[in-house]
Amino acid sequence: MSYAQVIATLPDYIGKTVSINGWIANKRSSGKIIFLQIRDGSGFIQGVIVRDEAGEELFQNAETLTQESSVRVQGIVRKDERSKTGVELSVTALSVLQITHDYPITPKEHGVEFLMDHRHLWIRSSKQRAILKIRSEIIKAIRSFLDDHDFTQVDPPILTPSSCEGTTNLFHTKYFEEDAYLTQSGQLYMEAAAMALGRVYSFGPAFRAERSKTRRHLIEFWMIEPEMAFASHEDNLAVQEGLISYVVSHVLSNCSVELAALGRDTSKLEKVQAPFPRITYDEAISFLQANSFEINWGDDFGAPHETAIAKQYDRPVFVEKYPVGIKAFYMKPDPSRPEVALCADMLAPEGYGEIVGGSARIDDPELLLNRFREHQLSEEDYAWYLDLRKYGTVPHAGFGLGLERTVAWICGLEHVREPIPFPRLLYRLYP
Ligand code: 4AD
Ligand code: MG
């Protein structure tokens, strides 16, 4: 045998001898028969060793295996109706790379802090593996949707001289003698890129020094930021709902094993089809007031508000046209009602909150200058950004999709610490 098969492909090898490189997730032995739960990252398979058939040496060798021992296994793939994957392995040879002692994560229940301290090992468990696999498929789907719709990927800088989303939550660092900040959003650079390439997107990390400890906030998260020249607010929403419904259908068709491992109710995901409902901020405020929330026009929404709004729908909902006062400086005002912006937040169903935020951008040079003055932003620091309105300004729009919140929603997870391999949280920088 010259190469090892991966477990996920074993249903194609029924009756054949295969070789697998992996780890022992679990072992049960009756003294006459040993069942090994073998994992290799692509999936799990049950290996069976019958004492009378396998011979004493192989059986004794297998008896020494412990949880997370590393092995190379050879065996014959058998059809097995009781197995989730339809196959099991009759083990014929075993070579042990390491017998593991005292693996800290046992099949018993562990507390969240313990698991987070052992995140480097926790990601081996079947649920965590499923989440990371789905995250990867979501990224693949986002890229293929955008690539197929004529978007070009452009990478904005991570180290920046100024802020994009406001100065309150910037991570400061020294850039030799100058001050620098870790990026909060690549948007301003993506606006420059859209004027060069038309339709662009970035995919990278964003950093927010937010002192909020919620189940929706990470300090370091990943964002996809498409930006389109010659695009309106309406165009912007159409791309967003097309993208999200494509991503959900891609996961449904390609991740059934992983969704099952997570116990995800897929009937909820099947309903996620464009077009998505839209309500205005004004309508959302009236709805909240009618439902006994103490909120006034001009207030921003918190998690309970977003949850209450989203609960009325079976798919994501756009809340559009927020007051300009609670949104970023670059958002274009609605020409027919300048006190609100041509923006929208997409709220995921089932209480997951805002997964996308976007807007049309101010394209008028005068108006943008006024906004800079109102927000006390330095015209010198942002001179390059103002140039974009001096040299061939056009209507344009874009949005930011938060990857971890999207993965959390699609996987049905409680907290954003799980959809990212090594979360950075308010009180956690380890491992
Ligand atoms: O709404 P936000 O702050 O928008 C921007 O940064 C714009 N510049 C995007 C653009 O128009 N190009 O962030 C966009 C999305 C949010 O909807 C949310 O999904 C996610 O990023 N997000 C976070 N995810 C995890 N932890 C945090 N602290 C997040 N902050 C925002
Ligand atoms: Mg937002």
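## Surface and overall build

The protein has an accessible surface of about 20,700 Å², and 50% of this belongs to carbon and sulfur atoms (Shrake-Rupley method, 1.4 Å probe; for residues, only the protein chains shown count as cover). The model is a predicted one, in which local features need pLDDT of at least 70, side-chain atom pairs count only at pLDDT 80 or more, and totals for chains, interfaces and linings use all residues. Residues are numbered from 1 along each chain as its sequence is written, chains are lettered from A and ligands numbered from 1 in the order in which they are written, and side-chain values use heavy atoms, with hydrogens and water left out.

Of the 431 residues, 47% count as buried (under 20% relative accessible area; exposed is over 50%, partly exposed in between, with a 1.4 Å probe and protein chains only). The C-alpha trace spans about 85 × 55 × 40 Å along its principal axes. You will find 14 helices and 18 strands here (DSSP runs numbered from the N terminus: H or I of at least four residues for helices, E of at least two for strands).

## An eight-stranded sheet

Let's turn to one sheet. This open sheet of 8 strands follows the order β6-β10-β11-β18-β17-β16-β13-β12, with mixed pairing (two strands pair if DSSP finds at least two bridges between them). Its edges are β6 (152–153) and β12 (278–280), each with a single partner strand, so one side of each has no neighbour in the sheet.

Helix α5 (residues 126–148) packs on the sheet and touches β6, β10 (199–207), β11 and β18 (contact means heavy atoms within 4.5 Å). The direction of α5 makes about 150° with that of β10 (axes are lines fitted to C-alpha atoms, for helices over the stretch in contact, and angles run from 0 to 180 degrees between N-to-C directions). Helix α14 (residues 403–411) lies across β10, β11, β16 (343–348), β17 (353–360) and β18, at about 55° to β18.

## Strand β18 and its partners

Strand β18 (residues 396–402) runs antiparallel to β11 (residues 220–229), joined by 5 bridges. Met 223 has Gly 402 as its bridge partner, while Met 228 has Ala 397. Another 5 bridges join β17 to β18, also antiparallel, with Gly 358 partnered by Phe 399.

Because 7 of the 7 residues of β18 are buried, the strand is largely enclosed by the rest of the structure. His 396, Gly 398, Gly 400 and Gly 402 point one way, and Ala 397, Phe 399 and Leu 401 the other.

## An exposed lysine

Lys 108 sits in the loop between β5 (87–98) and α3 (112–117). This lysine is exposed, with a relative accessible area of 57%.
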